[in-house]
Amino acid sequence: MTEQADTPEPSVPESIDISESIAEAVLATDGVAGLHGGMFGEAATYLPGRRVAGIRIDENGTEVHVTLIAGHPVRETADAIRTAVSPLSPGPVHVTVEDVVRA
């Protein structure tokens, strides 16, 4: 009879949620400094063991709250965010610019 050593089961990475895919697309948009959770942190998606600040998805569409880099045009950057997120998002994409920071 052979004994088997107790080996821990390999950890399975948590699946990527659509909100995390949207966050990646937003952060890859030129002029975006980061995601913003809103004044009271209310703009977020809550997942098991983690939170995606700045992205909220509900029956009215997707809310994206961002901080932009100063010098980038606000409307054009918001349009670029909508373009990047629309293929990933159910419903309309609403972009809120919460802050502008220096690079």
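Which residues touch the most other members of the largest nonpolar core? Keep that question in mind as you go through the views of this predicted model.

**View 1. The whole protein has two helices and six strands.** Start at the N terminus and follow the chain: the elements run α-β-β-β-β-β-α-β. Of the 103 residues, 33% count as buried. The accessible surface comes to about 6900 Å², and 54% of that surface belongs to carbon and sulfur atoms. Contacts also link distant parts of the sequence: among contacts between residues at least 6 apart in sequence, 66% join residues at least 24 apart.

**View 2. The largest nonpolar core has 15 residues.** Here is the reply to the opening question: Val-26, Ile-55, Val-64, Val-66 and Ile-81 touch the most other members. Helix 1 (18-27), strand 5 (61-69), helix 2 (74-85) and strand 6 (93-101) are the elements that give two or more residues to this core.

**View 3. Val-66 touches residues from several stretches of the chain.** Leaving aside residues up to four places away in sequence, its contacts include Val-26, Val-32, Gly-34, Leu-35 and His-36. Ile-81 is another residue that Val-66 touches, and so are Val-95, Thr-96, Val-97, Glu-98 and Asp-99. One of these, Val-97 in strand 6, stands opposite Val-66.

**View 4. Strand 5 is mostly covered and pairs with strand 1, strand 4 and strand 6.** How many of the nine residues of strand 5 are buried? Seven of them are. Strand 1 (residues 32-35) runs antiparallel to strand 5, and three bridges join the two. In this pairing, Gly-34 stands opposite Thr-67 of strand 5. Strand 4 (residues 55-58) is also antiparallel to strand 5, with four bridges between them. Asp-58 stands opposite Gly-61 of strand 5, and strands 4 and 5 form a hairpin with two residues between them. As you look along a strand, here is a handy rule: in a regular strand the side chains alternate between the two faces of the sheet.

**View 5. Strand 5, helix 2 and strand 6 make a right-handed β-α-β unit.** Do strands 5 and 6 run parallel or antiparallel? They run parallel, and eight bridges join them. To find your place in this pairing, look for Ile-69, which stands opposite Val-101 in strand 6.

**View 6. Helix 1 has buried residues that other elements cover.** The buried residues of helix 1 are Ser-19, Glu-20, Ile-22, Ala-23, Ala-25 and Val-26. Their cover includes strand 1, strand 2, strand 3 (50-53), strand 4, strand 5 and helix 2. While you are looking at a helix, remember that an α-helix has 3.6 residues a turn, so residues three or four places apart point the same way.

**View 7. Leu-27 lies in helix 1 and is partly exposed.** Why does Leu-27 count as partly exposed? Its relative accessible area is 45%, and the label applies because this value lies between the 20% and 50% cut-offs. Leu-27 touches Val-32, Gly-34 and Leu-35, not counting residues up to four places away in sequence. Now find Ile-81, 54 residues from Leu-27 along the chain: the C-alpha atoms of the two are separated by 8.9 Å.

**View 8. Thr-45 lies in strand 2 (residues 44-47) and is buried.** Thr-45 has 14% relative accessibility and therefore counts as buried, as the cut-off is under 20%. Which backbone oxygen does the side chain of Thr-45 reach? That of Ile-55, at 2.6 Å. With residues up to four places away in sequence left out, Thr-45 touches Asp-17, Ser-19, Arg-50, Arg-51, Val-52, Ile-55, Arg-56 and Ile-57.

**View 9. Thr-77 has its place in helix 2 and is buried.** The relative accessible area of Thr-77 is 4%, so this residue counts as buried. Which residues does Thr-77 touch, not counting those up to four places away in sequence? They are Thr-29, Asp-30, Gly-31, Val-32, Leu-68 and His-72.

Terms used
Residues are numbered from 1 along each chain as its sequence is written. This is a predicted model: local features need pLDDT of at least 70, side-chain atom pairs count only at pLDDT 80 or more; totals for chains, interfaces and linings use all residues. Side-chain values use heavy atoms; hydrogens and water are left out. A nonpolar core is a set of buried Ala, Val, Leu, Ile, Met, Phe, Trp, Tyr and Cys residues joined through side-chain atoms within 4.5 Å. Buried means under 20% relative accessible area, exposed over 50%, partly exposed in between (1.4 Å probe, protein chains only). Contact means heavy atoms within 4.5 Å. Two strands pair if DSSP finds at least two bridges between them. A crossover is right-handed if, with the strands pointing away from the viewer, the path from the first strand over the helix to the second runs clockwise. A polar contact is a pair of N or O atoms within 3.5 Å; within protein, one must be able to donate a hydrogen and the other to accept it, and residues adjacent in sequence count only if both atoms are side-chain atoms. Accessible areas come from the Shrake-Rupley method with a 1.4 Å probe; for residues, only the protein chains shown count as cover.
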